[in-house]
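Here's a quick tour of the model for anyone about to set up calculations on it. Have the sequence and the 3D view open side by side as you read.

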Amino acid sequence: MRRAGVLLALAATALTADAVAQGNRWQQQVQQQLARAVVAFRAQRFAHQELSRQAALNNEESETFLVTLQAGVPYSFIGVCDVDCERLALGVATATGNDIAVDQSSGALPVVAFTPTMTASYRVTVRMAACRMSPCWYGVAVLRK
Amino acid sequence: MAPWLRLWLAAGLVACALIAAAYLPPRGGVHVRGVVFTTPRPLTAARLRAQALGAAWRAARAQLRVAEARAQLGNAVDRPTKDARGVVLLILGPDSLAHRVRAAVAGTLDTVWHRLGLGETKIALVFVLDLAATPGSERIYVFPDSTDRTTCAVWQAGGWWIRAGHPLPTGPTFGTWLQNALGPCAFYAAFGSPGRPVRRWLAERKFDVTLYPGWTPADRPSGTERSRFGPRSWWWDAIYQSPPATVGCLGGRAPACRAAVLRDAASGDDSVPRVVTTEGRWWFGQLLIPGERYLADVAAAVGPERFLRFWNSPLPVDTTLTLALGEPIGDWTVKWERGFSPPLPLGPAAPLGATAVALLVAALAVGLAAMAAARRQVR
């Protein structure tokens with residue numbers, strides 16, 4: 001029983017991973033970069049922020065999340081990542097997985113502009129294409145006019 | 001019977017006795033060294049089966065408990081405050097004892113952390129020191145995975161070092177023990193999560209080449225560690241239980257060293273266990289001696305930048321390690337091995353004592369023959 005308690009505690013500490021990492025300097029970098037990018041895009045009349053997401057990915061890992069987009073509304077998807085990240089890839093696809101818009105740049109600040117023709121859920125895929133020291137934190141914001 | 005014939009018979013018998021004394025058992029047997037707790041038990045098929053079953057059971061139990069904890073605790077656990085050192089210390093056991101030792105352990109851990117050149121790290125390290133557990137050398141590592149990429153946890157029983165009624169541990173030996181307890185989690189803290197090929201390779205080997213994270217110049221093997229191999233004597237029990245490539249590497253053979261380092265590097269299995277337990281007596285049957293220091297010494301030799309490129313590379317391990325070392329893996333490893341011990345003598349070789357006896361017998365025979373020939377000379 002004692003050993004079980006120890007392992008539970010061990011697991012409990014492992015569960016608090018995000019808590020330990022919260023506010024570390026890499027995450028702060030991403031928060032600041034994302035805030036600056038959002039301000040810059042607001043100047044281009046992308047006034048509404050639909051979604052903001054931050055997480056960590058290891059090198060060559062990817063993550064997908066769903067976002068509902070309105071037909072005929074121009075959207076901008078902005079990605080930023082921490083100082084160890086050398087390349088971040090961002091793409092938008094239909095719920096069934098067909099690619100619609102992909103960032104063509106090879107840098108750490110991908111931007112995807114997209115105006116959907118129908119209101120639906122779309123899949124946003126973030127891929128940590130090159131991270132010097134894993135994991136790398138990234139942030140994605142979805143803005144609309 | 002002629003007198004000269006008696007002489008020949010006597011000489012022949014003496015020669016036979018000398019040869020028998022030199023070559024018949026027990027000469028050449030393996031001398032079992034070590035005190036009670038280091039003397040290996042004979043390995044039988046039943047014992048091997050029981051050990052394998054026990055290891056599998058312990059790993060399964062640890063994984064099950066981690067899964068149970070995830071299900072039961074959820075987000076209800078107390079969240080520790082941000083720790084700028086990147087290491088969180090949890091001490092389990094009697095409150096009075098835990099309270100008494102906390103400052104000493106935290107101070108030593110802090111010293112170790114700085115000695116390793118670590119500050120704020122991407123992967124936080126949680127060190128669980130269990131003062132209530134049965135004393136033993138078993139350690140459990142819980143590595144980051146896709147559900148939690150930023151924590152590496154170490155569970156360590158503290159029973160040998162910290163006990164009620166005993167003075168608090170201090171000094172460099174305790175610091176070294178604590179540093180070695182961090183094991184592969186220190187690598188995760190220093191260099192982040194390894195790339196997929198390195199992660200698979202390490203997992204297949206149960207992280208045996210990352211057990212001692214001493215990449216500073218001051219981190220050299222202690223006298224106890226050095227007693228496992230030359231130069232004065234060899235720990236034959238450990239050597240006889242080692243795979244052929246390991247023994248070949250000790251003997252200074254570069255292809256064997258390469259094979260010992262790259263064993264399991266080409267594994268196609270993509271699943272990596274999250275929980276790894278190091279058994280007591282892990283040094284028996286090592287793939288590389290002293291493998292526990294290998295990657296730390298690679299890091300010290302090539303520098304943090306090149307080591308990071310190796311650690312995080314998507315290329316196969318043999319390619320990326322060769323690039324990091326700047327020379328063939330086998331050649332570098334032979335030189336690394338020489339830093340600990342002279343080459344293990346391999347192949348057929350007559351022992352010094354037996355050679356001396358044989359030469360003596362030969363000289364005696366030649367002398368007697370010469371004497372007999374002289375007496376038979378016709379004048």
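Chain A of this predicted model is built from three helices and eight strands. The helices come before the strands: along the sequence, the pattern reads α-α-α-β-β-β-β-β-β-β-β. With 145 residues in chain A, 50% of them count as buried. Contacts in this chain often bridge a good stretch of sequence: among those with a separation of 6 or more, 78% are between residues 24 or more positions apart. As for the outside, chain A has an accessible surface of about 6,500 Å², and carbon and sulfur atoms make up 49% of that.

Now for the strands. Four of those in chain A line up as an open sheet in the order β2-β7-β4-β5, with antiparallel pairing. Which strands stand at the edges? They are β2 (62–69) and β5 (99–102) of chain A; each has a single partner strand, so one side of each has no neighbour in the sheet. On average, neighbouring strands of this sheet are turned by 25 degrees against each other, ignoring direction. Zooming in on one edge, strand β4 (residues 85–94) of chain A runs antiparallel to β5(A) and is joined to it by three bridges. If you want a residue pair to look up there, A:V92 has A:A101 in β5(A) as its bridge partner.

Next, the charged pairs. Side chains of opposite charge can pair when their charged atoms come close. Over all chains, the structure holds ten salt bridges. Here are three of them, with the N to O distance for each pair.

| Salt bridge | N to O distance |
|---|---|
| A:D84 with A:R132 | 3.4 Å |
| A:D84 with B:K122 | 2.9 Å |
| B:E327 with B:K335 | 2.9 Å |

A:D84 shows up twice in that table, pairing with A:R132 and with B:K122. What does the pair of A:D84 and A:R132 tie together? A:D84 lies in the loop between β3 (75–81) and β4 of chain A, while A:R132 is in the loop between β7 (120–131) and β8 (136–144) of chain A, so the salt bridge links parts that are 48 residues apart in sequence. Is A:D84 buried or exposed? A:D84 is buried, because its relative accessible area is 7%, under the 20% cut-off. A:R132, on the other hand, is partly exposed at 33%.

The salt bridge between A:D84 and B:K122 crosses between chains, going from the loop between β3 and β4 of chain A to the loop between α3 (95–115) and β2 (124–130) of chain B. B:K122 is buried too, with a relative accessible area of 2%. These pairs belong to a wider arrangement: A:D82, A:D84, A:R132, B:K122 and B:E305 are linked in a network of salt bridges.

Last stop, a greasy spot on chain B. Which residues make the nonpolar surface patch of about 420 Å²? B:W4, B:L5, B:W8 and B:L9 do. One of them, B:L9, lies in helix α1 (residues 3–23) of chain B. B:L9 has a relative accessibility of 46%, so this residue counts as partly exposed.

Notes: Residues are numbered from 1 along each chain as its sequence is written. Chains are lettered from A and ligands numbered from 1 in the order in which they are written. This is a predicted model: local features need pLDDT of at least 70, side-chain atom pairs count only at pLDDT 80 or more; totals for chains, interfaces and linings use all residues. Side-chain values use heavy atoms; hydrogens and water are left out. Helices (H or I, at least four residues) and strands (E, at least two) are DSSP runs, numbered from the N terminus. Buried means under 20% relative accessible area, exposed over 50%, partly exposed in between (1.4 Å probe, protein chains only). Contact means heavy atoms within 4.5 Å. Accessible areas come from the Shrake-Rupley method with a 1.4 Å probe; for residues, only the protein chains shown count as cover. Patches are made of residues with over 30% relative accessible area and no salt bridge: like charges are joined within 9 Å, nonpolar side chains (Val, Leu, Ile, Met, Phe, Trp, Tyr) within 5 Å. A salt bridge is a side-chain nitrogen of Lys or Arg within 4 Å of a carboxyl oxygen of Asp or Glu. Two strands pair if DSSP finds at least two bridges between them. Axes are lines fitted to C-alpha atoms, for helices over the stretch in contact, and angles run from 0 to 180 degrees between N-to-C directions.
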